[in-house]
Amino acid sequence: STYVLDLNDKPSEKCGVLNVTKITENGKKVRKNWTSSWTVLQGYSLLFAKGQGGSTSWFGGNQSKPEFTVDLRGGSVDWASKDKSSKKHVIELKTRQGTELLIQSEIDSVINDWYRALTETINTHAWE
Ligand code: I3S
């Protein structure tokens with residue numbers, strides 16, 4: 001039989017473009033700055049790189065470095081309450097280190113897949 005290996009089927013290996021902003025850094029509130037970001041879930045790490053614009057680049061390439069990386073171990077993920085953002089389909093991600101991020105996509109199937117993947121990852125690595 002034949003099957004297609006879809007990278008996005010694995011809970012711990014997923015990538016795509018999302019809108020992202022930090023709202024808290026090391027426990028301190030920071031100003032929102034929504035940016036479109038190439039996002040990769042790799043094991044328990046969530047990596048963000050500048051999305052769109054500029055040269056075509058990827059993590060494997062020379063020109064691109066992840067802008068920041070989030071360690072999901074011990075973190076939490078939930079749908080953001082209305083007071084966190086006026087946008088639709090917003091996920092709130094909190095890390096053990098005291099960073100809070102909002103991640104969003106206009107496409108609800110996309111954000112639902114991310115919600116599932118992040119939840120599975122956090123649950124899988126809950127005791128590390
Ligand atoms: O939670 P806030 O402060 O209403 O967030 C909005 C602002 O950050 C706004 O920027 P400035 O106030 O810096 O101009 C952004 O443009 C909005 O996108 C933010 O709100 P949403 O509801 O989109 O997360």
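## Exercises on a predicted model

At 23% relative accessibility, His89 counts as partly exposed. Keep that residue in mind, as it returns in the last exercise. The structure above is a predicted model, so let's work through it one step at a time.

### Exercise 1: The overall layout

Work out how many helices and strands the chain has, and in which order they follow one another.

Solution.
- Step 1. Count the elements: there are eight strands and one helix.
- Step 2. Walk along the sequence, and the pattern reads β-β-β-β-β-β-β-β-α.
- Step 3. Turn to burial: of the 128 residues in the chain, 35% are buried.
- Step 4. Look at the surface: the chain exposes about 8,100 Å², and 49% of this comes from carbon and sulfur atoms.
- Step 5. Finish with the contacts: among those between residues at least 6 apart in sequence, 46% join residues at least 24 apart.

### Exercise 2: The nonpolar core

Find which residues have the most contacts inside the largest nonpolar core, and which elements supply at least two residues each.

Solution.
- Step 1. The largest nonpolar core holds 17 residues, and Leu46, Leu72, Leu93 and Leu118 are the ones with the most contacts inside it.
- Step 2. At least two residues of this core come from each of strand 1 (13–25), strand 4 (45–50), strand 7 (90–94), strand 8 (100–104) and helix 1 (108–124).
- Step 3. Which element gives the most to this core? Helix 1 does, with five residues.
- Step 4. Zoom in on Leu118. Setting aside neighbours within four places in sequence, Leu118 touches Leu41, Leu46, Leu72, Val77 and Ile103.

### Exercise 3: A glutamate in strand 7

Decide whether Glu92 is buried or exposed, and find the partner of its side chain in a polar contact.

Solution.
- Step 1. Place the residue: Glu92 is part of strand 7.
- Step 2. Apply the cut-off: Glu92 has 9% relative accessibility, and buried means under 20%, so Glu92 counts as buried.
- Step 3. Look for a polar partner: the side chain of Glu92 makes a polar contact of 2.6 Å with the side chain of Lys84.
- Step 4. List the wider surroundings. Beyond neighbours within four places in sequence, the contacts of Glu92 include Ile23, Ser76, Val77, Asp78, Trp79 and Ala80, and also Glu100, Leu101 and Leu102. Lys84, the polar partner, is on that contact list as well.

### Exercise 4: The ligand and its shell

Name the residues that surround the ligand, and pick out side chains with an N or O atom at a listed distance from a ligand oxygen.

Solution.
- Step 1. Arg31, Lys32, Trp34, Ser85, Ser86 and Lys87 surround the ligand.
- Step 2. Sort this shell by class: three residues are charged, two are polar and one is nonpolar.
- Step 3. Go through the distances from a ligand oxygen to a side-chain N or O atom. For Arg31 the distance is 2.6 Å. For Ser85 it is 2.8 Å. For Trp34 it is 2.9 Å.
- Step 4. How much of the ligand does the protein cover? On its own the ligand has 510 Å² of accessible area, and the protein covers 46% of that.
- Step 5. Follow one shell member further. Lys87 sits in the loop between strand 6 (76–79) and strand 7. With 35% relative accessibility, Lys87 counts as partly exposed. Apart from neighbours within four places in sequence, Lys87 is in contact with Trp34 and Gln104. Trp34 is itself one of the residues around the ligand.

### Exercise 5: Positive phi and long spans

Locate Asn26 and His89, whose phi values are positive, and then state two C-alpha separations.

Solution.
- Step 1. Asn26, a residue other than glycine, has a positive phi near 50°. Its loop joins strand 1 and strand 2 (28–29).
- Step 2. Asn26 has 60% relative accessibility, and therefore counts as exposed.
- Step 3. His89, also a residue other than glycine, has a positive phi near 55°. His89 lies in the loop between strand 6 and strand 7.
- Step 4. Now the spans. Lys87 and Tyr115 are 28 residues apart along the chain, with 16 Å between their C-alpha atoms.
- Step 5. Asp113 lies in helix 1 and is partly exposed, at 33% relative accessible area. The C-alpha atoms of Asp113 and Ala49, 64 residues apart along the chain, are 19 Å apart.

Notes
Residues are numbered from 1 along each chain as its sequence is written. This is a predicted model: local features need pLDDT of at least 70, side-chain atom pairs count only at pLDDT 80 or more; totals for chains, interfaces and linings use all residues. Side-chain values use heavy atoms; hydrogens and water are left out. A residue is near a molecule or strand if one of its heavy atoms lies within 4 Å of it. A polar contact is a pair of N or O atoms within 3.5 Å; within protein, one must be able to donate a hydrogen and the other to accept it, and residues adjacent in sequence count only if both atoms are side-chain atoms. Accessible areas come from the Shrake-Rupley method with a 1.4 Å probe; for residues, only the protein chains shown count as cover. Ala, Val, Leu, Ile, Met, Phe, Trp, Tyr, Cys and Pro count as nonpolar, Asp, Glu, Lys and Arg as charged, and the others, Gly among them, as polar. A nonpolar core is a set of buried Ala, Val, Leu, Ile, Met, Phe, Trp, Tyr and Cys residues joined through side-chain atoms within 4.5 Å. Buried means under 20% relative accessible area, exposed over 50%, partly exposed in between (1.4 Å probe, protein chains only). Helices (H or I, at least four residues) and strands (E, at least two) are DSSP runs, numbered from the N terminus. Contact means heavy atoms within 4.5 Å.
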